[in-house]
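Reader: I would like the terms used for this model explained, each with the value behind it.

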Amino acid sequence: QVQVVESGGGLVQVGGSLRLSCAASGDTICISAMGWYRQAPGTERELVAGFGSGGRTYYEDSVKGRFTLSRDNAKNTVYLQMNNLKPEDTAVYYCRVVCYEYDYWGQGTQVTVSS
């Protein structure tokens, strides 16, 4: 079992910044991937950025150059630094942790970018 807790969302103006944190606890030895997804009302959940197996890093095209993924392996925590935020970044952001063949999700954190 892996527990996933996100934090760091909030309300920010266009062009502002936020940093999201995703902390995994429990049976973390099995974790092979961690990533951030987002879901806006009426849309499908989409992958924003993530670390995959073999150390690969993925960014969705619309966030490249604005969002930066980093991690603290000792704390089993992944961070998403979001700069130059746009209204279209408004969504609930979820952290996904892959452990063996299982997916674990956090409760989500709301990011709202106001214009």
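Author: The exchange below takes up disulfides, ring contacts and pockets in turn. The model is predicted, so local features need pLDDT of at least 70 and side-chain atom pairs count only at pLDDT 80 or more, while totals for chains, interfaces and linings use all residues. Residues are numbered from 1 along each chain as its sequence is written, and side-chain values use heavy atoms, with hydrogens and water left out.

Reader: How do you know that C22 and C95 form a disulfide?

Author: A disulfide is a pair of cysteine sulfur atoms within 2.5 Å. The sulfur atoms of C22 and C95 are 1.9 Å apart, and the two form a disulfide. The torsion about their S-S bond is about -75°, so this disulfide is left-handed. C22 lies in strand β3 (residues 18-26) and C95 in strand β9 (residues 91-99), so the pair ties together parts 73 residues apart in sequence. Strands here are DSSP runs of E with at least two residues, helices are runs of H or I with at least four, and both are numbered from the N terminus.

Reader: Why is C22 called buried?

Author: Buried means under 20% relative accessible area, exposed means over 50%, and partly exposed is in between (1.4 Å probe, protein chains only). C22 has 0% relative accessibility, so C22 counts as buried. C95 is also at 0% and counts as buried.

Reader: What makes the link of C30 and C99 a disulfide, and what is its handedness?

Author: The sulfur atoms of C30 and C99 are 1.7 Å apart, and the two form a disulfide. With -95° about the S-S bond, the link of C30 and C99 is left-handed. C30 lies in the loop between β3 and β4 (31-39), and C99 in strand β9, so the pair ties together parts 69 residues apart in sequence. Both C30 and C99 are buried. A search of the whole structure finds 2 disulfides, and their pattern is 1-3, 2-4, with bonded cysteines counted along the chain.

Reader: Why are the rings of Y37 and W105 called edge-to-face?

Author: Rings of Phe, Tyr and Trp (its six-membered ring) pair if their centres lie within 6.5 Å; planes under 30 degrees apart count as stacked, over 60 as edge-to-face and the rest as tilted. The structure holds 1 aromatic pair. The centres of the Y37 and W105 rings are 4.9 Å apart and their planes are at 65°, so the pair is edge-to-face. Y37 counts as buried, at 14% relative accessibility, whereas W105 is partly exposed at 35%.

Reader: What lies over the face of W105?

Author: R45 lies there, at 4.7 Å from the ring centre. A charge sits over a ring if NZ of Lys or CZ of Arg is within 6 Å of the ring centre and within 35 degrees of the ring normal. The charged end of R71 sits over the ring of F51, 4.2 Å from its centre.

Reader: How do the residues lining the largest pocket divide by class?

Author: The lining has 5 nonpolar, 6 polar and 2 charged residues. Ala, Val, Leu, Ile, Met, Phe, Trp, Tyr, Cys and Pro count as nonpolar, Asp, Glu, Lys and Arg as charged, and the others, Gly among them, as polar. The largest share of this lining, 4 residues, comes from β4. A pocket is an open set of points on a 1 Å grid over the protein atoms alone, where a 1.4 Å probe fits, with protein on both sides within 12 Å along at least five of seven lines; lining residues have an atom within 4 Å of a point.
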